[in-house]
Amino acid sequence: MPDLNLILLGPPGSGKGTQGERLQEDLELPYYATGDILRAAVKEGTEVGQTAREYMERGDLVPDEVIIGVIAERLGDSPAGHGFILDGFPRTVPQAEALDAELDKLGRQLEAVILIDVSDDEIIRRITGRRVCADGGHIYHVEFSPPETEGVCDIDGSELVVRDDDRPEVVRNRLDQYHEKTAPLVSYYEKQALLNRVDGSADPDQVAESIRSLVSTLSLEEG
Ligand code: ADP
Ligand code: ADP
């Protein structure tokens, strides 16, 4: 199997987690979602979690050095040659530069950056209706992707909750942070000829299909 090293890029609520879950099942690749990793660290009360908590509550990005350390550790442990999916990292140009340096060190390289393109209006609709399961982080939407039984996760039966940072005043700040600090990564990866745009406004199955066909082209090229 090729070393399919992928990044899912996109604004908060664009569908990175939804698509990441599916892609991970399809491709059976290690999947690192920094939001999930940080939320687990906050819950466990680790040093990283204690630092990250206040930034996440405000909808600010946690400091680069904190999150870079977290990812470098994961990639160092990740089996070389088996690919990976990064969801939510990098989110700033310094993070992207650190990732390039880390992969260089490991003798690996990125295969593609998949940008899930969604308008700000749609993002607000998606985030305000988002529900996640308390135990496994499985993702639902009250209107677009409801569970079979209201308030209960189909997969593990745990309670569905609203993320603390999905409150409207925090969401606005997260979107501002995205435009200011993360959107510059679009041209960063365009320059490296790695950027692939996917229309994220379609329904989840269609978006998954676009990503699947993109990835199968990449796999053939890599062959
Ligand atoms: P979303 O899925 O809505 O994009 P995430 O779950 O990925 O949000 O991230 C939640 C929060 O975790 C972010 O608002 C930020 O505070 C923090 N975070 C996640 N990834 C990073 C990162 N790469 N750099 C800095 N902060 C991050
Ligand atoms: P991200 O990880 O980028 O923050 P999520 O995957 O958590 O995004 O999706 C945000 C919300 O939008 C969730 O409630 C999810 O169920 C919903 N959602 C995801 N993809 C779509 C889509 N293509 N159409 C409609 N709603 C979607």
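Start with helix α6, residues 120–128: Glu122 and Arg125 sit three residues apart in this helix, so about one helical turn separates them. Their side chains meet in a salt bridge, with 2.7 Å from N to O. Keep in mind that this is a predicted model. Across the whole structure a search turns up 18 salt bridges and zero disulfides, and ligand 1 has 20 residues around it.

**The pair in helix α6**

- Glu122 is the buried partner, with a relative accessible area of 14%.
- Arg125 counts as partly exposed, at 45% relative accessibility.

**Other salt bridges**

- Asp3 and Arg108 also pair up, their side chains meeting in a salt bridge at 2.9 Å, N to O.
- Asp3 belongs to the segment before β1 (5–9), while Arg108 belongs to the loop between α5 (93–106) and β4 (112–117), so this pair ties together parts that lie 105 residues apart in sequence.
- Both ends of that link are tucked away: Asp3 is buried, and Arg108 is buried too.
- Arg167 and Glu169 form another salt bridge through their side chains, this time at 3.2 Å from N to O.
- Here Arg167 is partly exposed, with a relative accessible area of 38%, and Glu169 is partly exposed as well, at 48%.
- Salt bridges also link up into a network, whose members are Arg130, Arg163, Asp165, Asp166 and Arg174.

**Around ligand 1**

- Of the 20 residues that surround ligand 1, the closest are Thr34, Asp60, Gly88, Arg91 and Arg174.
- Arg174 therefore turns up twice in this briefing, as one of the closest residues to the ligand and as a member of the salt-bridge network.- Thr34 reaches the ligand through its side chain, where an N or O atom is 2.8 Å from a nitrogen atom of ligand 1.
- Arg91 has a side-chain N or O atom 2.7 Å from an oxygen atom of ligand 1.
- Arg130, a member of the salt-bridge network, has a side-chain N or O atom 3.1 Å from an oxygen atom of ligand 1.
- On its own, ligand 1 has 560 Å² of accessible area, and the protein covers 95% of that.
- Helix α2 (residues 34–44) supplies the largest share of the shell around ligand 1, with four residues.
- Sorted by class, the shell has eight charged, seven nonpolar and five polar residues.

**Cysteines without a bond**

- What about the sulfur of Cys133, and which cysteine sulfur is closest to it? That is the sulfur of Cys153, and at 3.9 Å the two are too far apart for a bond.
- The cut-off for a disulfide is a pair of cysteine sulfur atoms within 2.5 Å.
- Seen from the other side, Cys153 is in no disulfide, and its nearest cysteine sulfur is that of Cys133.
- Cys133 is buried, with a relative accessible area of 3%, and Cys153 counts as buried at 3% relative accessibility.

Methods:
Residues numbered from 1 in each chain as written. Chains lettered and ligands numbered in written order. Predicted model: local features only at pLDDT ≥ 70, side-chain atom pairs only at ≥ 80, totals over all residues. Heavy atoms only, no water. Near = heavy atom within 4 Å. Polar contact = N/O pair within 3.5 Å; in protein donor to acceptor, adjacent residues only side chain to side chain. Areas by Shrake-Rupley, 256 points an atom, 1.4 Å probe, with all protein chains shown as cover. Helix = DSSP H or I, 4+ residues; strand = E, 2+ residues; numbered from the N terminus. Nonpolar A, V, L, I, M, F, W, Y, C, P; charged D, E, K, R; others polar. Salt bridge = Lys/Arg side-chain N within 4 Å of Asp/Glu carboxyl O. Buried < 20%, exposed > 50% of the residue type's maximum accessible area, 1.4 Å probe, protein only.
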